[in-house]
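User: Hi! I'd like to talk through this model with you. Could you take a look and walk me through it?

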There are 2 protein chains.
Amino acid sequence: MRYKISPMTTGRDTQTQGGTGRTRGRPRSFDRATALEKALMAFWEHGYEATSVSDLTRVMGIGAPSLYAAFGDKRTLFDEVVRVYAGTHGAFADRALAEEPTAREGIGRMLREAAAEYTDPSHPYGCLIVHAATNCTSAEVEALLRERRNAGIAALESRIRADVVAGLLPAGTDAAALARHAGAVIQGMSQQARDGAQREELEALAKIAMTIWPHD
Amino acid sequence: MRYKISPMTTGRDTQTQGGTGRTRGRPRSFDRATALEKALMAFWEHGYEATSVSDLTRVMGIGAPSLYAAFGDKRTLFDEVVRVYAGTHGAFADRALAEEPTAREGIGRMLREAAAEYTDPSHPYGCLIVHAATNCTSAEVEALLRERRNAGIAALESRIRADVVAGLLPAGTDAAALARHAGAVIQGMSQQARDGAQREELEALAKIAMTIWPHD
DNA sequence: GTCTTTCTGTAGCGACCGCTAGGAAAATCT
DNA sequence: AGATTTTCCTAGCGGTCGCTACAGAAAGAC
């Protein structure tokens, strides 16, 4: 049958390169990173529960035992998918906050980029962290994403608070409310992207949302 | 095969007490409206997919055949639950929009009441229409709630547009963006209520969200 | 009472769920 | 070459899913 080996990618991509060709047994017939990305897309589109293991094996192009050997169980695979997502497709928010000189500019850029990212037709709409584990029979999986969402809002708040301390924002600024507002807007944008909103509509939403900031 | 005709069974004998005495066979051993409310709470808390029929029969206190006889299949029961929710717990938005003299006051009241409603400890947090059918294997059920969400935003937009026409808002007002913003905020508030936000926090969010309106 | 109608509980259907045993296949090591 | 290690495929495990056949139970109609 099919054997598209590509021996260099087989053993390396898993963890640290190590240099020593350590593959003793039969080499893996699929690229782990590619399969992981397929799993990411499936979980992103349909969520944790609605993506069955047989869905995963189909889109990843591998059998169930290969999946369990390479990624652990479904839950462990989802954990890894969430980490990958946060470091790639979902990293624009942290980047915007870190690279812009003020909280206001950072959040403005974050919302503008969210409008583009959440409606990008090259992948599922919206945000995986917002949607992939709602209504989940596993409380632990639900908690995994909830904590990421709440951590995101907390990061916004501390970034805003830093600008208040630095005198870039008025002393009476309600950092918590500003952070919650930005969080609500980005979560709502994700929902609306899933519901069919266009990029331009979300950009207009992002723009108007930024007018709440002091001295605009 | 199936003979579930009897137009009275669907909703007639629900609460019209024995005045007309239509009941021929063995009377129902449970109150239909009460059982429906229990189903509503279960769907509200866990969503459509994650609420199994055996969950439903347990919280409703009836057997599966009784459920199917009284409410049709799971999907039909969910449809009815959504209608009941929209007419009760979810009716505050339409009410605020209809009763306040301006779009701005209506939306302000809507967001304030959402903060209270979504964090009310006497029932599940957040909004059933936002959360109960995300990541659903049934595309039809997902579409059912998506259309209600989009209709809600469209209603906001037309209410705002009416105020623009009436001269209550500046001629250049971006009604669509204002409506999308209010929709995103209320959807985000629902998400944050589910994630543990307190009423006061959501009220502060609602308040700051209203500062985007012209001449505030 | 008996008949008819409707509801209730038991018990189980086929389909799918997440997951894994077991053996054949494909590589390296000696 | 054989031995060893690791992956792959087939097949199927126990469990739950939504849903229903069936027979007994509880009411009005006669």
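User: Let's start with the two protein chains. What area is buried between chain B and chain A?

Analyst: Happy to help! Keep in mind that this is a predicted model. The area buried between chain B and chain A is about 2900 Å², and carbon and sulfur atoms give 52% of that.

User: Which three residues of chain B supply more of the area it buries than any other three?

Analyst: Those are Asn135(B), Arg180(B) and Asp195(B), which supply 23% of the area that chain B buries against chain A.

User: And how many residues are in contact?

Analyst: On the chain B side there are 38, in contact with 38 residues of chain A.

User: OK, how many salt bridges are there between chain B and chain A?

Analyst: The count is four. In one of them, the side chain of Arg149(B) meets that of Asp195(A), with 2.7 Å from N to O. As for polar contacts, 15 residue pairs between the two chains make them, with both residues at pLDDT 80 or more.

User: Nice. Which helices of chain B each supply at least two residues of the side that touches chain A?

Analyst: Helix H2 (32-46), helix H8 (128-131), helix H9 (139-165), helix H10 (175-194) and helix H11 (199-209) of chain B each do so. H10(B) has the largest share of that side, with 13 residues.

User: What's the mix by class on that side of chain B?

Analyst: The side of chain B that touches chain A has 16 nonpolar residues, 14 polar ones and eight charged ones.

User: Switching to the DNA now. How many residues surround DNA strand C, and which are the closest?

Analyst: Strand C is surrounded by 24 residues, the closest being Val53(A), Tyr68(A), Lys74(A), Ser29(B) and Ser66(B).

User: Of the strand C atoms within 4 Å of the protein, what percentage belongs to sugar or phosphate?

Analyst: That would be 72%, with the rest belonging to bases.

User: Where are the phosphate oxygens approached, say by Tyr68(A)?

Analyst: A polar atom in the side chain of Tyr68(A) lies 2.8 Å from a phosphate oxygen of DNA strand C. For Ser66(B), a side-chain N or O atom is 2.9 Å from a phosphate oxygen of that strand. On the base side, a polar backbone atom of Arg26(B) is 3.1 Å from a base oxygen.

User: Which elements give two or more residues to the surface near the strand?

Analyst: Helix H3 (53-60) and helix H4 (64-71) of chain A do, together with helix H4 (64-71) of chain B. H4(A) gives the most, with three residues.

User: Last one: how do the residues of that surface divide by class?

Analyst: The surface near DNA strand C has eight nonpolar, nine polar and seven charged residues.

Technical notes:
Residues numbered from 1 in each chain as written. Chains lettered and ligands numbered in written order. Predicted model: local features only at pLDDT ≥ 70, side-chain atom pairs only at ≥ 80, totals over all residues. Heavy atoms only, no water. Contact = heavy atoms within 4.5 Å. Buried area = accessible area lost by both parts, 1.4 Å probe. Polar contact = N/O pair within 3.5 Å; in protein donor to acceptor, adjacent residues only side chain to side chain. Helix = DSSP H or I, 4+ residues; strand = E, 2+ residues; numbered from the N terminus. Nonpolar A, V, L, I, M, F, W, Y, C, P; charged D, E, K, R; others polar. Near = heavy atom within 4 Å.
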